[in-house]
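Reader: I would like to go through this model term by term. For each label, please give the value and the cut-off behind it.

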Amino acid sequence: MSTLLNDDTHAILLLCAFQGGEMDHLPLKLVEYNRVATVLYRSNRRPGDLLQAGSLSELAKNARVSLDRIQWLLERRINLGFSLEEWQRKGIWVMARSDPDYPVAIRKNMRNAAPPLLFGAGNQDLLNSGGLAVMGPDFIPEGRLKKACDLTGKHEAIVIVAGHLRVSKKIVQAVEERQGYILWVLHDGVLKQRLKKSHRRTIHNNRMVMITTQSPCSFDQSDKQAVVGELAVAFADEVLYVDGSNFRESSKRKDRFGTKSAALKRSEICQLLHGRKISPEGQELRQRGVQSRVDK
């Protein structure tokens, strides 16, 4: 990642990324940035134009965002330079929705829900290669999990996983052992998984890319975890949803990263791997026409 960003990316980082020290004025949320982007588009302007001296009052009014907040965010340029240098030292790159290299599949499948910024580590070329997304909830029987790992070995495509779940870690381990390619969508901005020795090796060999919508300086925002699953399936050409254990208590069927709802959004390319008993989430997928295969 170069610290010499184009003006559009620079402006989007200032508006939408945490740099540390934000208190009274937080970066814009997706819906807020979309309003700003719409106002700019209708006036034949680009985000980079906001870096030039000029009144922002009309933009703030039409986008329904506080003028003081926009001004404060755009004035963080010096601090952003320091942040970019730190991220670069850690091997973390960034791309904005306005960049020509922004993943085509994300633009197509998420549209206005596409994140304004993607932070990542590893081989960016893997972001435009499609692949098989394998996902599921926190609790998956061991035998079914092994079956899912075996199925990924029959695919030459990149394997896409979501979140730091047990299923994701097992799938990644299986793909690394056969020296396959991995796209890992995570929630934490610092991408802690990149520090594990085996993952560092895979990244070094250009066989892995990790991405997140969170700035490396952002604090934990659990309300944004659901975008992880949606982002993962947006990259995919195929989706394999691994059904979880059939717990009666809904509290034990946690789905922190929204994998079920994400699979439902792309049900036309999804398959369900399940046992003789199917969880309520698996039943909902079948009712929506998702093809199923029984783990025998």
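Author: The model is predicted. A first case is Lys146 and Asp150, which form a salt bridge with their closest N and O atoms 3.3 Å apart.

Reader: Why is the contact of Lys146 with Asp150 called a salt bridge?

Author: The closest N and O atoms are 3.3 Å apart, and the cut-off is a Lys or Arg side-chain nitrogen within 4 Å of a carboxyl oxygen of Asp or Glu. The contact therefore counts as a salt bridge. Both residues lie in helix 7, 4 residues apart, about one turn of the helix.

Reader: What makes Lys146 exposed and Asp150 partly exposed?

Author: Lys146 has a relative accessible area of 53%, and exposed means over 50%, so Lys146 is exposed. Asp150 has 41%, which falls between the limits of 20% and 50%, so Asp150 is partly exposed.

Reader: How is Gly143 in helix 7 classed, and why?

Author: Gly143 has 47% relative accessibility, so it counts as partly exposed. The C-alpha atoms of Gly143 and Thr38 are separated by 49 Å, with their positions 105 residues apart along the chain.

Reader: How many salt bridges does a search of the whole structure find?

Author: The search finds 10. Among them is the one between Arg69 and Glu32, with the closest N and O atoms 2.9 Å apart. This pair links distant parts of the chain: Arg69 is in helix 4 (residues 67-74) and Glu32 in helix 2 (residues 30-42), 37 residues apart. Both Arg69 and Glu32 are buried.

Reader: What makes Arg266 and Glu268 a salt bridge?

Author: Their N to O distance is 4.0 Å, and the definition asks for within 4 Å. The two side chains therefore meet in a salt bridge. Arg266, with a relative accessible area of 14%, is buried because buried means under 20%. Glu268, at 57%, counts as exposed because the cut-off is over 50%.

Reader: Why is the pair of Trp87 and Phe119 called edge-to-face?

Author: This is the 1 aromatic pair that the structure holds. The ring centres are 5.5 Å apart and the limit for a pair is 6.5 Å. The planes stand at 90°, and angles over 60 degrees count as edge-to-face, so the label applies. The pair links distant parts of the chain, with Trp87 in helix 5 (residues 77-89) and Phe119 in strand 2 (residues 117-122), 32 residues apart. Trp87 and Phe119 are both buried.

Reader: How do you know that the length of helix 8 agrees with its number of residues?

Author: Helix 8 (residues 166-177) has 12 residues, and at 1.5 Å a residue it should span 16 Å. Its end C-alpha atoms are 17 Å apart, which agrees. Just after the helix, Gln179 takes a positive phi of about 60°.

Reader: Which residues of helix 8 are buried, and what do they pack against?

Author: The buried residues are Val167, Ser168, Ile171, Val172, Ala174, Val175 and Glu176. They pack against elements including helix 7 (142-152), helix 9 (197-204), strand 5 (182-185) and strand 6 (208-212).

Reader: What makes strand 6 mostly covered?

Author: Of its 5 residues, 5 are buried. Met208, Met210 and Thr212 point one way from the strand, while Val209 and Ile211 point the other way. Helix 9 lies across strand 2, strand 5 and strand 6, and runs at about 110° to strand 6.

Reader: How do you know that strand 6 pairs with strand 2 and with strand 5?

Author: Strand 2 and strand 6 are joined by 4 bridges and run antiparallel. Strand 5 and strand 6 are also joined by 4 bridges, but run parallel. Pairing needs at least two bridges, so both cases qualify. Phe119 stands opposite Thr212 in the antiparallel case, and Leu183 stands opposite Val209 in the parallel case.

Reader: Which strands are the edge strands of the sheet?

Author: The 9 strands form an open sheet in the order 1-2-6-5-4-3-7-8-9, with mixed pairing. Strand 1 (93-96) and strand 9 (291-294) are the edge strands, as each pairs on one side only. Neighbouring strands are turned by 25° against each other on average, direction ignored. Strand 9 pairs with strand 8 (residues 270-274) in the parallel sense over 4 bridges, and His274 stands opposite Val294 in strand 9.

Terms used. Residues are numbered from 1 along each chain as its sequence is written. This is a predicted model: local features need pLDDT of at least 70, side-chain atom pairs count only at pLDDT 80 or more; totals for chains, interfaces and linings use all residues. Side-chain values use heavy atoms; hydrogens and water are left out. The expected span of a helix is 1.5 Å times one less than its number of residues. Buried means under 20% relative accessible area, exposed over 50%, partly exposed in between (1.4 Å probe, protein chains only). Contact means heavy atoms within 4.5 Å. Rings of Phe, Tyr and Trp (its six-membered ring) pair if their centres lie within 6.5 Å; planes under 30 degrees apart count as stacked, over 60 as edge-to-face and the rest as tilted. Axes are lines fitted to C-alpha atoms, for helices over the stretch in contact, and angles run from 0 to 180 degrees between N-to-C directions.
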